[in-house]
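Morning, everyone. I have one structure to show and a few minutes to talk about its pockets. Let's bring it up.

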Amino acid sequence: EGVPAYTVPQPTGALEVLRSRATEKMASSFHVVQPAAELFSLPLGLAGKHQLQNAALALHLADTYLKAQGDVEGKGTPLATPFSDTYVRGLRDTKWPGRCQTVSDPEDSKSTWFLDGAHTVESLTSCAEWFVSPGLGIKLYGAFS
């Protein structure tokens with residue numbers, strides 16, 4: 001109650017549910033967050049193009065929190081561009097084991113494990129897109145390359 005609600009772009013039905021829920025919970029505002037252009041050139045600690053949306057959401061949440069605290073400790077607002085070194089480092093160093101994670105097999109140097117805890121149709125799609133991204137998992141040939 002009395003705090004803003006944030007989300008990333010969603011299918012129309014899901015967006016309507018989130019907006020309705022925010023109203024029901026008396027959120028002070030409702031925002032659909034888009035990644036800033038500068039995010040596309042930053043190295044993120046989490047793999048997959050869908051992580052751009054998550055990074056944008058994280059920056060908005062951090063910005064809201066810091067403004068509510070009334071002190072950004074000289075680090076600048078997370079939404080100011082160019083992003084400060086503090087926020088670039090945070091986005092770069094973020095780790096989430098089991099999400100789009102690549103692990104070399106310690107017993108077989110020729111083997112690599114590609115791990116992801118995808119649990120919805122959307123997350124399975126994102127995982128597949130990550131896995132076939134250039135230089136990573138399977139190589140696509142012909143019409144798919």
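I'll take the two pockets in turn, then put their linings side by side.

Keep in mind that this is a predicted model.

Start with the largest pocket. Its volume is about 470 Å³. Lining it are 16 residues. Which of them sit closest to the centre? Those are Val8, Gln10, Gln53, Asn54 and Glu122.

Now the helices. α2, residues 51-69, and α4, residues 121-131, each put at least two residues into this lining. The top contributor is α2, with four residues.

How does the lining of the largest pocket split by class? Nine residues are polar, five are nonpolar and two are charged.

On to the second largest pocket. Here the volume is about 230 Å³. The lining counts 14 residues. Nearest the centre are Ala55, Ala58, Gly90, Leu91 and Thr94.

Which helices each supply at least two residues here? α2 does, and so does α3, residues 85-93. Again α2 gives the most, this time six residues.

The class split for this second pocket: eight nonpolar, six polar, no charged residues.

So, side by side. α2 is the leading contributor to the largest pocket, and α2 also leads in the second largest. The partner helices are α4 for the largest pocket and α3 for the second largest. On charge, the largest pocket has two charged residues in its lining, while the second largest has none.

That's the tour. Questions, please.

How values were computed. Residues numbered from 1 in each chain as written. Predicted model: local features only at pLDDT ≥ 70, side-chain atom pairs only at ≥ 80, totals over all residues. Heavy atoms only, no water. 1 Å grid on protein atoms, 1.4 Å probe; cavity = no way out; pocket = protein on both sides within 12 Å on 5 of 7 lines; lining within 4 Å. Points joined across faces, edges and corners; volume = space filled by probe spheres on them. Nonpolar A, V, L, I, M, F, W, Y, C, P; charged D, E, K, R; others polar.
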